[in-house]
Structure formats: C-alpha cells, structure tokens
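Student: Could you take me on a close look at one part of this model, and then carry on from there to the parts around it? I would like one connected answer that I can follow on the screen.

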Amino acid sequence: MVTIVASHNITPNQPTPNDPLWLSDSDQIGNLRHVSCVYFYKAKHNKHVTERLRNSLSKTLVHYYPVAGRLRLTKSGRMEVNCNAKGVTLLDAQTTNSFADYGDFSPSVSTEELVPKVDYTQPIEDIPLVLIQLTGFHGGEGLAIGIVTSHPLTDATSMMPFVNNWAKVARGEELDPNEIPFLDRAVLKLPQQPSSPSVKLPEWKPVSQAQGMEQRKRSAALFKLSSRQVETLKKKANDKASNEGVRPYSRFEVIAAHIWRCASKARASAENSNQPTLVRFSVDIRSRLNPPLPKNYFGNALAKTVTPKCYEGDIISNPLSYAAQKIREAVYVVTDEYIRSQLSVILGQEQLNSISAFFMGQGHRVNVPYAGNHNILLTSWMGMPVYEADFGWGKPVHYGLATTFEEDRAAILPSSDGDGVAVTIFFQTALVELFKILFYEDLFLSSL
C-alpha cells in the first residue's frame, strides 16, 4: 500500500518565456493522456533526497519551461502548450512494500501505485503535463521515481534526456550547451501537401475484434535476452541470407520477429486457427526527415508503420528470417516522403473531434489501429540511455513500464546490467506461460 505524505508544486527558478508553444501534427495524434514509467534505486529515501530533487527540478525547468505549462485548445481545434509556468507536481510517498515485493519489476497493480494518478475529472487546462512520485520502500532499502508525462508534450526519445539532465543537475553539475533542448516545433510545420498522399500509406482503421477477444484478461511478464542470446537470434535469422551483400538483420528486426513468432505459436496452439497478423510500431523520424530535425529536438517525432499483411501460419512455418523481413519492410517504407505524406493526412476531423471530446471531459476515445485480435503493438527503447539517470545515489537497478495494458503489446528495453535487452510483454493471461516456454525454447534449439 502506498501513502502520499506530501505534494509539492515545482516551478522554474527563473522567469521563462510565456508565448504559447505551437504543437506539431505529430504531437496532436495518438494518445492524448499521460504515459508512465518508473525507475527503481537502491537508495534511502529521506528529506534530503526530496529537497535535492525539488531544487534540481526547478533549475532544469528553466531550460524545459514548456514542461511546466498546461495544454489548451485553440480556436482551430488544435492543442498548444500554454507556457504559464504553473509547474510540475512532485509527490512524496511511502509504501509498505519492500524492494523484494516487486520481484522482477514486471508491470502490475503494485508498480502502478508507484506512479502518480492523473485526475482527468478536472479541466484539462489545469492538469500538469508532468507529475512525479518519489516513493520510499519499507525499511528504507530503496526508492522509486515514477513519472507520468502528457503524450502530446513529448515522446520517450525526448523525455529521456529531460530526466537524465535533471539527474545531472541533481548531482551538482551544469548542463553543457549541446544538452540544451531545442524547443521550437515550427521545424515540423511542413509545407502543405497535395490532397492525396504522394506515397501509399497504411489504412489506419481499427480491425474488428475476434469473438471473445476483448474479454480475455492480459498479464505482463518480463523476459531477459543476454547479448549472447541476441547474437544467437541474429545468427538464426541471417543463416540463409536471401541476397549476398544485403545488410544482415539487426537486433531490433530479429528480436521483434522472435516476439511475433512466439506470440503466433502460442495463439495458434490454443485456438487451432490461422488468423491474419500484423505488427504495428512507431519509427523515430528525427534523422529520417530531409533535412533532419535539430539535435535535441524536444517533442513528438514519430511515424506509424505496420508490417505487410500475412497469416500466423506463415510466421510459424517459415524461418525467423521471414518475420524479420516483414519487420524490415515496415521500417524501410518510412522515408522523408512517407513521413510528409502521413503527417499531411493523419490529423483529420476524427482526431480533432477526439481532442475536443478530451477537453470537454468526455475522456480519451481510444481508437487504436490494429489493436487486439492477432496483432501486436511494439515499442522499442533499447537504444535509449535509460540507465544514465543517476541523481547522485547511483544508477537505477531497473527502468521500465509501470502500468498494464489490455491488448497484446511488447516493449524492448535495455537490460539493467548492460548485457542484452529486457522484453516486457502484455499477453493473454492463459497463454503467458506458453509464450515463455516458446520464447526460450526457440533460443535453446537455435544454440544447438
């Protein structure tokens, strides 16, 4: 059980610009609510820790002043950030749980208690864009820093440097000039495109749910892949290269393919069916645009993509390279032309209606394309410096997702020990154990 013992409002410690911040089309689409993450530390929680975090956050917000602002709706129906310096909420909390109670740190009801709860019954214009919870564990054997961030404010690629820079300031260091965020999102105000996209785009419509699919409970599980195991997967996928001179499949491609294959096998064995299957994920567009976005661009810079249509039987019966190639094709289509075409059409009236409903207190109309059925939503943060968030008491012992999801998803993150990756999956509860067996069984057979 977690008890909130104090709440602090942290504002920039110097005057900051108050002009509204224009948000790009990439900021306006997708999840309108807050997304969460949690850092675990082997450090004692006391008043000096809280004071250090408060003071350093106040300094860091001078550079990241939009974070201290609030969302508001413009006359055109778009969102913007009102840079009113109203501040970030920092909660002080204690839990009756010990460090050991969190096991392998898989997302659960217990980890959800470590991140702030956002009250969406209040006006959206009053809700902080970032809320942080500092929780001390029973017996003083550790602490957690849980963070929820408004997704329209930024994506994970930009949020990670914010946390790392905050940690650097907490250690008593100054930010280098090359660490200062680039805040002007007008660089993503792309020229008007023709009414019809110049490239073929995926049809972003939700698929109908298979009968009974939405009632199936999901559970989270965490699996680790060592560097050696990742190399085993790469060797397996690249064993029969289709064309000489073609780049070998990457870590991301083979891990994503392995997850997809295990999920397909688990579902097929339970349902004895051969369903269409897709993997949907977002691609960082910062370096894919021409010209590329400025270094340290702060905001959302993502393009959605999806694998070519195929069937679970295809994924299962073909070698790992088949699924890896499908993943590669989904990445390769995300060119400068694709990005510009997608951004020109994706913010339609339906999404503007969702934004309006969100501000009117009608909730966020979750309308996720390709969620449910036999598809997977995939997130990869494995190249991000998540373990650099050292606030002066050492690096995190774990970084990960805090909340659970009700659709089949997977997230690939760096491993805490620097050896390989950690894969968090959200999968049908009845099939999680089978997924785990398949996940490591394939690796064992590949190593023989």
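Tutor: Happy to. Start at alanine 85, which sits in the loop between β5 (79-82) and β6. In this predicted model, the phi angle of alanine 85 is near 55 degrees, a positive value in a residue other than glycine. A second backbone detail worth finding is the cis peptide bond between asparagine 290 and proline 291, with omega at about 0 degrees. Proline 291 belongs to the loop between β11 and β12.

Those two strands lead us to a sheet. It is open and has six strands, in the order β9-β17-β16-β14-β11-β12, and the pairing is mixed. At the edges are β9 (218-225) and β12 (302-306), each of which pairs on one side only. On average, neighbouring strands of this sheet are turned by 20 degrees against each other, with direction ignored. Within the sheet, β16 (residues 409-414) and β17 (residues 421-428) run antiparallel and are joined by six bridges. If you want one pair of residues to display there, pick isoleucine 412, which stands opposite valine 423 in β17.

Now add the helices that touch these strands. Helix α5 (residues 227-237) lies across β9 and β17, and runs at about 95 degrees to β9. Helix α8 (residues 320-332) also packs on the sheet, where it touches β11 (279-284) and β12; the directions of α8 and β11 make about 40 degrees.

Helix α8 has a helical partner too. Its axis and that of helix α6 (residues 251-271) come within 8 Å and cross at roughly 120 degrees. The two helices, α6 and α8, are therefore oblique to each other, and α6 passes α8 in a right-handed crossing. On the α6 side, the residues that meet α8 include Phe252, Val254, Trp260 and Arg261; on the α8 side, Leu320, Ile327, Arg328 and Val331 are among them. By class, the residues of this contact between α6 and α8 divide into 10 nonpolar, one polar and four charged.

A further helix pair is found earlier in the chain numbering: α2 (residues 47-63) packs with α4 (residues 156-170) at an angle of about 120 degrees, with the axes 8 Å apart. Here, too, the outcome is that α2 and α4 are therefore oblique to each other. The crossing in which α2 passes α4 is right-handed. From α2, the contact takes in Arg52, Leu53, Ser56, Leu57, Lys59, Thr60 and Leu61, and these meet Phe162, Asn165, Trp166, Val169 and Ala170 in α4. Seven of the residues in the contact of α2 with α4 are nonpolar, three are polar and two are charged.

Let's finish with the aromatic rings. The count comes to 26 aromatic pairs when ring centres must lie within 6.5 Å. One pair to inspect is phenylalanine 40 with phenylalanine 105: the centres are 4.4 Å apart, the planes make 45 degrees, and the pair is tilted. Phenylalanine 40 lies in strand β3 (residues 34-41), while phenylalanine 105 is in the loop between β6 (88-95) and α3 (109-112), so the pair ties together parts that are 65 residues apart in sequence. That also returns us to β6, which borders the loop of alanine 85 where we began.

Terms used: Residues numbered from 1 in each chain as written. Predicted model: local features only at pLDDT ≥ 70, side-chain atom pairs only at ≥ 80, totals over all residues. Heavy atoms only, no water. Pairing = 2+ DSSP bridges. Helix = DSSP H or I, 4+ residues; strand = E, 2+ residues; numbered from the N terminus. Axes fitted to C-alpha atoms, helices over the stretch in contact; angles between N-to-C directions. Contact = heavy atoms within 4.5 Å. Parallel < 35°, antiparallel > 145°, perpendicular 65-115°, else oblique. Left-handed = near helix turned anticlockwise from the far one by under 90°. Nonpolar A, V, L, I, M, F, W, Y, C, P; charged D, E, K, R; others polar. Phe/Tyr/Trp six-rings, centres within 6.5 Å; stacked < 30°, edge-to-face > 60°.
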